[in-house]
Amino acid sequence: MATATTCRSLLLAVVVLISQLCGCTAYVGVDGFSVEFIHRDSVKSPYHDPALTAHDRVLAAVRRSTVRAAALARSNHGDGAVSEVVSRPFEYLMAVNVGTPPTRMLAIADTGSDLVWFECEPRAAAAGAARPSAIFNPSSSSTFGHVGCNSGACHALYGTSCDASSNCQYLRSYGDGSKTSGLLSTETFTFESIPGGCSGCRSHPYVLVPNVSFGCSTSTNGTFVVDAMVGLGAGNSSLVGQLGAHTSLGRRFSYCLVPYTVKNASSALNFGDRAAVTEPGAATTALVRSEFEAYYTVELESVRIGNASFEHLSRVIVDSGTPLTFLDKALVDPMVQELTRRIGTGFPKVPSPQEPLQLCYDVGGPARRYSFSKSVPDVTLYLAVFGEAVTLKAENTFVEAQEGIMCLAVAPVTEKHPRSILGNLAQQNMHVGYNLDKGTVTFAPADCASSYNSLPVHG
């Protein structure tokens with residue numbers, strides 16, 4: 001009884017504290033919360049380049065795919081300091097308010113990473129490094145704390161050591177040679193739950209989570225173009241792992257990715273009960289053990305196009321940070337042959353504008369584009385363990401790489417890119433939910449732009 005009373009008192013204190021952030025009464029939902037998942041090319045992103053055309057952005061995404069795929073392949077624990085991602089290629093961002101009073105940080109949201117870190121003062125950047133757009137100052141926060149080097153949180157991360165004051169210090173090295181280091185710390189994170197609007201704050205609640213461990217980075221060098229990272233990977237140190245440890249939300253999250261072609265629309269990143277995938281046609285499979293703890297890996301049993309089935313058991317990383325999909329050549333080659341046969345000769349083939357894109361067609365104007373999408377057959381992925389199937393539509397398998405040029409967004413695994421990856425183009429207009437408590441991932445077709453606008457409102 002005493003414990004229940006204490007918990008209730010703490011929750012009340014949290015609600016009161018949150019209310020001070022927006023100057024009115026705040027309502028914390030019991031069903032979890034959702035935050036905006038901002039694509040790097042969105043007008044809401046500081047990395048948006050208005051000079052690029054839509055097709056320029058697609059080709060840039062293709063190039064990022066190859067760099068990211070190579071980095072995922074290079075990841076290892078070797079000397080305990082090589083990370084799972086590179087510092088430059090990323091796709092999605094999320095906002096986190098850090099500290100008391102809060103500092104708004106816009107961070108990479110990465111399903112391939114298990115570390116949360118932000119740029120902090122005092123900062124020692126390498127010569128020529130750009131100044132971050134936002135820096136967290138620990139001395140200005142009343143809730144900041146350090147993590148001891150003998151703590152479980154420190155031991156949970158690789159690449160940690162003790163400083164002279166027995167604080168946990170970390171060094172994270174990335175595959176492209178970039179590095180970030182600092183002290184592992186704790187702080188209060190506040191999330192601004194969507195959908196937006198603050199009429200009395202009932203439709204604009206804040207969710208506060210105390211004592212989140214994160215890297216307070218005071219030294220960076222290399223090719224960093226971002227100031228912060230929120231790891232959403234499967235490791236205990238990721239935001240997902242910590243929400244499961246510090247709240248009743250569980251280790252669950254989901255996202256629904258709006259297609260690249262939909263302008264000025266946001267995707268949603270959901271936690272807690274809101275991460276439940278309940279749409280019709282949902283397919284659930286087990287997560288299998290990966291070489292790197294952070295990665296979400298499933299087993300692909302076969303691929304089916306119409307009556308043609310191609311069997312080849314392989315492990316596939318489900319990754320929001322890689323645009324293209326990479327599959328074993330034993331699957332891609334027969335897929336290309338079958339897609340070529342079924343699409344037919346109504347659309348002329350053209351050379352690829354960018355490696356590793358292949359099977360490109362000149363589809364002409366908008367009317368012909370629609371006709372082409374109708375001629376592309378569904379590609380069905382049969383997942384092992386539970387025997388469920390995930391169906392990819394034309395928008396998941398082909399991308400417009402140049403004006404009127406549609407190319408297959410699936411590339412073969414190579415020596416340079418030796419890991420199979422289900423990329424974010426393949427996950428467009430799907431509600432993808434990860435449940436680490438159950439060890440599963442679920443896919444369901446969804447209208448993600450509409451789903452964002454119809455999220456439940458607290459009231």
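This passage describes the fold, the confidence and some backbone features of a single-chain model.

The model is predicted. Mean pLDDT for the chain is 83. A value of 70 or more is reached by 81% of the residues. Two stretches fall below 50. One of them covers residues 1-30, where the pLDDT is below 50. Beyond near neighbours in sequence, residues 1-30 have 30 contacts in the model. The other stretch covers residues 76-87, again with pLDDT below 50. For residues 76-87, the contacts beyond near neighbours in sequence number 47. Where pLDDT is low, predicted coordinates should not be read in detail.

The chain has 459 residues. Its secondary structure consists of eight helices and 26 strands. Buried residues account for 54% of the chain. Contacts between residues at least 6 apart in sequence were also examined by separation. Of these contacts, 68% join residues at least 24 apart. The accessible surface amounts to about 18800 Å². Carbon and sulfur atoms contribute 53% of that surface.

Several backbone features deserve separate mention. Most peptide bonds are trans, and most residues other than glycine have a negative phi. Against that background, two cis peptide bonds and two positive phi values are described here.

The cis bonds each precede a proline. T100 and P101 are joined by a cis peptide bond, with omega about 0°. P101 sits in the loop between strand 2 (92-98) and strand 3 (103-110). A cis peptide bond also links E121 to P122. Here omega is about -10°. P122 belongs to a strand, namely strand 4 (residues 116-125). One cis bond thus leads into a loop residue, and the other into a strand residue.

The positive phi values occur at S166 and N429. S166 has a phi near 65°. This serine lies in the loop between strand 6 (160-162) and strand 7 (168-173). Phi of N429 is near 55°. N429 is also a loop residue, placed between strand 24 (420-422) and strand 25 (430-435).

The two residues differ in exposure. S166 has a relative accessibility of 43% and therefore counts as partly exposed. N429 has a relative accessible area of 17%. The cut-off for a buried residue is under 20%, so N429 is buried.

Note on methods: Residues numbered from 1 in each chain as written. Predicted model: local features only at pLDDT ≥ 70, side-chain atom pairs only at ≥ 80, totals over all residues. Heavy atoms only, no water. pLDDT = per-residue confidence, 0-100. Contact = heavy atoms within 4.5 Å. Helix = DSSP H or I, 4+ residues; strand = E, 2+ residues; numbered from the N terminus. Buried < 20%, exposed > 50% of the residue type's maximum accessible area, 1.4 Å probe, protein only. Areas by Shrake-Rupley, 256 points an atom, 1.4 Å probe, with all protein chains shown as cover.
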